[in-house]
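Trainee: Hey, can we look at this one together? I'd like to go through the fold and then the ligand.

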Amino acid sequence: MTADLFRLDGQVALVTGASSGIGQASAIELARAGADVVVNFHSSQDGAKETVAGVEALGRRAVAVKADVSQEAEIAALFDACEREFRSPDIVMSNAGLQRDAAIADMTIEDWNTVIGVNLTGAFLVGREAIRRFRAKGMRAEVSRALGKLVFDSSVHQVIPWAGRVNYAASKGGLALLMQSLAQEVANEKIRVNAVAPGAIATRINADERRDNEAKMLELIPYGRIGDPADVGRVVAWMVSDAADYLVGQTVTVDGGMTLYPSFRGNG
Ligand code: BGC
């Protein structure tokens, strides 16, 4: 075991959707803590290159691997690439996600299927493959007390209903019980499964909203600022470290207080 429980030296991390936003920041924070990183991307090879450069600037190794997380065969290939380049992962962050917003009467089956396919089915596929590979890898007691660490990137919308985004909220609500049920299933093997639930973080997913509506968004955040991707990345790096070895089946909400429902302050 490493003396500094917050360090991830000698470990391999695989992060999906790591070409931008929270995935990119998490990849970099995992590297800062000492991990080598597989940078998965879907469409932005340039973004993935940027992440790889960020990891390498910290003296760690990184490789970019293209895969669509909603496709079973591509997930197997992604983990195979991880094994080929480094070894089986010690840490997996299932992060890839998207929104296709529409009022209910206008929401198409494509809007529904795309969001459920990436955010929920993708999490299932990545989580399932992570468990298989953790088991095959076996314990590496010299680097961690856990056999494997799996973190899902959820959202405050796993608990906050969201009008005009029923597909997204349903995917994140489903992810909450996927995470807890899987954590219950594998905890006795020393596999830690948890989720991070970000609030409003400055990424591409809400860029239009921030441009048009930032003042209104800030009313939802008692802490008074939109989050930075690294605010989440630093928490993820802690969650997968041995400093958080007893964190099992939990959602860590990183939201500047959004889930405190600030509109109830002096009201209700
Ligand atoms: C969404 C963002 C939104 C935030 C807070 C996230 O899960 O992807 O678009 O700004 O939740 O509402």
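**The sheet and its surroundings**

Mentor: Sure. This is a predicted model, and its open sheet has 7 strands in the order β3-β2-β1-β4-β5-β6-β7, with parallel pairing.

Trainee: Which strands stand at the edges?

Mentor: Those are β3 (62–66) and β7 (251–254). Each has a single partner strand, so one side of each is left without a neighbour in the sheet.

Trainee: And what does the twist average from one strand to the next?

Mentor: The twist averages 20°.

Trainee: Okay, let's go to β1. Are its residues buried or exposed?

Mentor: Both faces of β1 (residues 12–15) are covered. Val12 and Leu14 are buried on one side, and Ala13 and Val15 are buried on the other. That fits a general pattern: in a regular strand, side chains alternate between the two faces of the sheet.

Trainee: How many bridges pair β1 with β2?

Mentor: There are 4 bridges between β1 and β2 (residues 36–41), in the parallel sense. Ala13, for instance, stands opposite Val37 in β2. Together with helix α1 (residues 21–32), β1 and β2 make a right-handed β-α-β unit.

Trainee: What about β1 and β4, how many bridges join them?

Mentor: β1 and β4 run parallel and are joined by 3 bridges. There, Val15 stands opposite Met93 in β4.

Trainee: Now out towards β3. Which residue stands opposite Phe41?

Mentor: Lys66 in β3 stands opposite Phe41. β2 and β3 are parallel too, with 5 bridges joining them. To get from β2 to β3 the chain passes through helix α2 (residues 45–57), and this β-α-β crossover is right-handed.

Trainee: Let's swap to the other part of the sheet. How do β5 and β6 pair?

Mentor: β5 (residues 148–153) and β6 (residues 191–198) pair in the parallel sense over 6 bridges. One bridge partner to look at is Val193 in β6, which goes with Leu150.

Trainee: Which helix packs on the sheet there, and which strands does it touch?

Mentor: Helix α7 (residues 229–239) does, touching β4, β5, β6 and β7. Its direction makes about 165° with that of β6. There's also helix α4 (residues 109–137), which lies across β4 (91–94), β5 and β6 and runs at about 175° to β5.

Trainee: Got it. New topic: which residues surround the ligand?

Mentor: Among them are Gln99, Ser155, His157, Trp162, Tyr168, Gly199 and Ala200. The list also includes Ile205, Asn206, Met217 and Met258.

Trainee: How far is the side chain of Gln99 from an oxygen atom of the ligand?

Mentor: An N or O atom in the Gln99 side chain is 2.6 Å from a ligand oxygen atom. His157 has a polar side-chain atom 2.7 Å from an oxygen atom of the ligand. For Tyr168, a polar side-chain atom lies 2.6 Å from an oxygen atom of the ligand.

Trainee: Last bit, backbone angles. What is the phi of Lys190?

Mentor: Lys190 has a positive phi of about 65°, although it is not a glycine. Most residues other than glycine have a negative phi. Lys190 lies in the loop between α5 (166–186) and β6.

Trainee: And Tyr261, where does it lie?

Mentor: Tyr261 lies in the segment after β7. It has a positive phi of about 50°, and it is not a glycine either.

Trainee: Why does Tyr261 count as partly exposed?

Mentor: Because its relative accessibility is 38%, and partly exposed is the range between under 20% for buried and over 50% for exposed.

Definitions and conventions:
Residues are numbered from 1 along each chain as its sequence is written. This is a predicted model: local features need pLDDT of at least 70, side-chain atom pairs count only at pLDDT 80 or more; totals for chains, interfaces and linings use all residues. Side-chain values use heavy atoms; hydrogens and water are left out. Two strands pair if DSSP finds at least two bridges between them. Helices (H or I, at least four residues) and strands (E, at least two) are DSSP runs, numbered from the N terminus. Axes are lines fitted to C-alpha atoms, for helices over the stretch in contact, and angles run from 0 to 180 degrees between N-to-C directions. Contact means heavy atoms within 4.5 Å. Buried means under 20% relative accessible area, exposed over 50%, partly exposed in between (1.4 Å probe, protein chains only). A crossover is right-handed if, with the strands pointing away from the viewer, the path from the first strand over the helix to the second runs clockwise. A residue is near a molecule or strand if one of its heavy atoms lies within 4 Å of it. A polar contact is a pair of N or O atoms within 3.5 Å; within protein, one must be able to donate a hydrogen and the other to accept it, and residues adjacent in sequence count only if both atoms are side-chain atoms.
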